[in-house]
Amino acid sequence: MSAVSVENVWKYFGDFPALREVNFTLESGNCLALLGRNGAGKTTLLRILAGLSSASTGAVKLPDRRRAAYLGHNIGIYDELSAEENLRLFAQLYELPDANKTAAKWLERVNLLHVAESPVREFSRGMRQRLALARVFQHEPEMLLLDEPFTSLDDRAIALLQDLMREAKARGATIVLSTHQLKEALELASDVVLLRRGQISYRGPRTDAMVHDPSAIYRDYGGEA
Amino acid sequence: MREKILTGVGALAAALLVRNLYVMLLQLPDEADQGAIYRIMFFHIPAFFTAGICYIVSMCASGYSLWKSDLKADALAMAATEVGLAFAAVNLITGMIWGRIIWGIWWAWDPRLTWALICWLVYFGYLMLRQAVDDPSERAKITAVVNIFAFVSVTITWKAITWWRTQHPGPVLSIRGANGKTDPAIESMIYQNWIPLLMLALILVVIRVHQERALRELDAMRRWAHAA
Amino acid sequence: MAIAAKDLRSEWRTKEALNASGAFAIVILLLFSFAFDPASDSTREFGGGLLWLVFMFAGALIVNRTFARELPNDCLEVLISSPVPGAAIFLGKVWASFVLLILIELISLPVFGIFYNIVWWNQPGWLALVLVLTTWALSVVGTLFGALTVNLRLRELMLPMLLYPMLLPALMAAIRLTTLVLMNEPVAGDELVWLKLLIGFDIIFTSLSLALVDFVLVR
């Protein structure tokens, strides 16, 4: 059964088509790498999938939003609240049965238990990023929507994210991630969609050849890195 | 073709206006109580009606634009509001001049004039908001919501002002003579003069809608050039 | 509700909006004393108007913050992409600003009474009713417009410019009713029309906001 289906989606900003006739499906448990240059429409497409924006025409089908998670360019954490309060709030919003317990478990997982009560404002960049990852993964989403996750994170957070993504894949989660980091993305991905000026210029399974020579896909299908 | 029709409508409106001015100034007698100034009502009242129609058109266009994500309807809403504001300004200024001559002061807090000013400010806010949003689709969405709110709000304000007036009686702009009756010739002239003003409003709206479309195309081309 | 609690908690921590708005309310109350003679007997007649102008000005600072609070770190995106419906996010925000606005009003009232020598507790039931109904109107329309303008440059300027003229009917009713209460006259007969207006305003704009809020949040 396909977890994601995008049917003939167009998105206009005024008269400018940011997405043109985008079609693809993604099987449950697969990982899609969404590639393309800046302004090719990756973020626009992910925002539509995450429900932040609506398609001008066409239809998008996704699993229940309670089972989905979105990580945008920014961390999406409240500075005035403590780490624990942040996690508890989002656990409530995602209707988790025991918000307190889940929050405590995840604080430990991302190594922030010792500062659980401190306001996020006092955290370092890396700590905030780890907290953001806990926020994304704590409700064990079946559907992950990650927009450029590797660009904004530091090394430790990237290692954590890769662990968490592997775990999610192991329990059968579907992942869509947009990225510039071709190598990391292609290693993880099972499917690839390349966007060029809002249109799909390549759609298909990831091949081993792509992993060996990541930039080949841009040479072959347009849009340089 | 469109330009020819517009020119034709414009010429017709101009001819009607000249004819109306001739009747107003040379054929109709001065009004018994008010003297010559009552003639300002031939513009004051039709301008008010025209502005009202513009606001209604704008509200409907905004509703449609929101429902169908239609940018043409959004352009119509913008154009109708702009033109409505112009006519509302005519209405306000002629009302003030009339008040200055009949009551001796420019602004006597006549309830209907006050209401017209409130509308003017509300819709001016709507146009200001349009300036502040860059993306045309987002602009269409959020300004349509504001436009619907604006219409509902000014409708309620109209009611509220009527109640306020019954409790705090104030002067009311009127063309009625001392006996409370209006000369039928005067009344009919008001409607006759409404026709060319409506035609003028129509022309202006069409021109603004097309300018807006050109701007949107330009914006799209610029985005296309910047996109990868 | 979780969102309202979250907003109130972070406001309680920082007190940004509360302090600014409360101080602003007192500053305006002070300024008005120079606009006319605060000791004269007529203060009661325009006290209602004065009070509501203060609440409106100070209130704009509060409703301006409701969505602006979500801007750092793009928290609004996370809320919208969560399973919570847009209407629930909106209502949570409305509740939070409602509570803050009522707080500001409760702080301003005694100051107003002292500065202008006005007995304002003659008809506490009516006063409370007018406060609640009008504050709800301000919260609903203000929060919706706060959501509309949250991403705009000139947000702080746009919000009051849109908000005040549209709130006018509710404001007129509130001023009329509050003046009656301050003058210790009964709210009855013809004056009840203002109460109906206020209730109607609340119902119409709450339903309109709930119907349109998804267009505002999901762009």
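**Reading helix packing and chain contacts**

Q: How do α5(B) and α8(C) run relative to each other, roughly parallel or roughly antiparallel?

A: In this predicted model, α5(B) and α8(C) are roughly antiparallel to each other, because their axes cross at roughly 170 degrees and an angle over 145 degrees is given that name. Helix α5 covers residues 136-167 of chain B and helix α8 covers residues 192-217 of chain C, and their axes come within 11 Å.

Q: Which residues make the contact of α5(B) with α8(C), and of what class are they?

A: On the α5(B) side the contact is made by K141(B), I142(B), V145(B), I148(B), F149(B), V152(B), I156(B), A160(B) and W163(B), while α8(C) brings V193(C), L197(C), F201(C), I204(C), L208(C), L212(C), F215(C) and V216(C). Sorted by class, these are 16 nonpolar residues and one charged residue, with no polar ones.

Q: How many residues does each chain give to the whole contact between chain B and chain C, and which element of chain C gives the most?

A: One common way to express the size of an interface is the accessible area that is lost when the parts come together. Counted by residues instead, this contact takes 25 from chain B and 23 from chain C. On the chain C side, the elements that give two or more residues are α7 (155-182) and α8, and α7(C) gives the most, with nine residues. That side divides into 20 nonpolar and three charged residues, with no polar ones.

Q: What does the contact between chain A and chain C take from each chain, and how is the chain A side made up?

A: Here chain A supplies 22 residues and chain C supplies 19. The largest share of the chain A side, three residues, comes from α2(A). By class, the chain A side has 10 nonpolar, seven polar and five charged residues.

Q: At what angle do α2(A) and α4(A) pack, and what handedness does their crossing have?

A: Helix α2 (residues 83-93) and helix α4 (residues 125-137) of chain A pack at about 20 degrees, with their axes 9 Å apart, and this angle makes α2(A) roughly parallel to α4(A). The crossing is right-handed. In it, A83(A), N86(A), L87(A) and F90(A) of α2(A) meet L131(A), A134(A) and R135(A) of α4(A), a set of five nonpolar residues, one polar and one charged.

Q: What is the overall make-up of chain B, and how much of it is buried?

A: Chain B has six helices and zero strands, and its C-alpha atoms fill a box of roughly 75 × 45 × 25 Å along the principal axes. Of its 228 residues, 36% count as buried. Of the contacts in chain B that join residues at least 6 apart in sequence, 80% are between residues at least 24 apart.

Q: What end-to-end span should α1(B) and α4(B) have, and which residues of α4(B) are buried?

A: A rise of 1.5 Å a residue gives an expected 38 Å for the 26 residues of α1(B), and its end C-alpha atoms are 36 Å apart, which agrees. For the 22 residues of α4(B), the expected span and the distance between the end C-alpha atoms are both 32 Å. As for cover, α1(B) is hardly covered, with one buried residue among its 26. The buried residues of α4(B) include L113(B), I118(B), C119(B), V122(B), Y126(B) and R130(B), and what covers the buried residues of α4(B) includes α2, α3 and α5 of chain B together with α7 of chain C.

Q: What is unusual about phi in N111(A) and N184(C), and where are these residues found?

A: Both have a positive phi without being glycine: the value is near 65 degrees in N111(A) and about 55 degrees in N184(C). N111(A) lies in the loop between α3 and α4 of chain A and is partly exposed, with 14 other C-beta atoms within 10 Å. N184(C) lies in the loop between α7 and α8 of chain C and is exposed, with 11 such atoms within 10 Å.

Q: Which residues does R219(C) touch?

A: R219(C) sits in the segment after α8 of chain C and is partly exposed, with 16 other C-beta atoms within 10 Å. Leaving aside residues up to four places away in sequence, R219(C) touches S53(A), E138(B) and K141(B).

Notes. Residues are numbered from 1 along each chain as its sequence is written. Chains are lettered from A and ligands numbered from 1 in the order in which they are written. This is a predicted model: local features need pLDDT of at least 70, side-chain atom pairs count only at pLDDT 80 or more; totals for chains, interfaces and linings use all residues. Axes are lines fitted to C-alpha atoms, for helices over the stretch in contact, and angles run from 0 to 180 degrees between N-to-C directions. Helices (H or I, at least four residues) and strands (E, at least two) are DSSP runs, numbered from the N terminus. Angles under 35 degrees count as roughly parallel, over 145 as roughly antiparallel, 65 to 115 as roughly perpendicular and the rest as oblique. A crossing is left-handed if the near helix is turned anticlockwise from the far one by less than a right angle, and right-handed if clockwise. Two residues are in contact if their C-beta atoms, placed from the backbone, lie within 7 Å. Ala, Val, Leu, Ile, Met, Phe, Trp, Tyr, Cys and Pro count as nonpolar, Asp, Glu, Lys and Arg as charged, and the others, Gly among them, as polar. The expected span of a helix is 1.5 Å times one less than its number of residues. A residue is buried if 20 or more other C-beta atoms lie within 10 Å of its own, exposed if 12 or fewer, and partly exposed in between; C-beta atoms are placed from the backbone.
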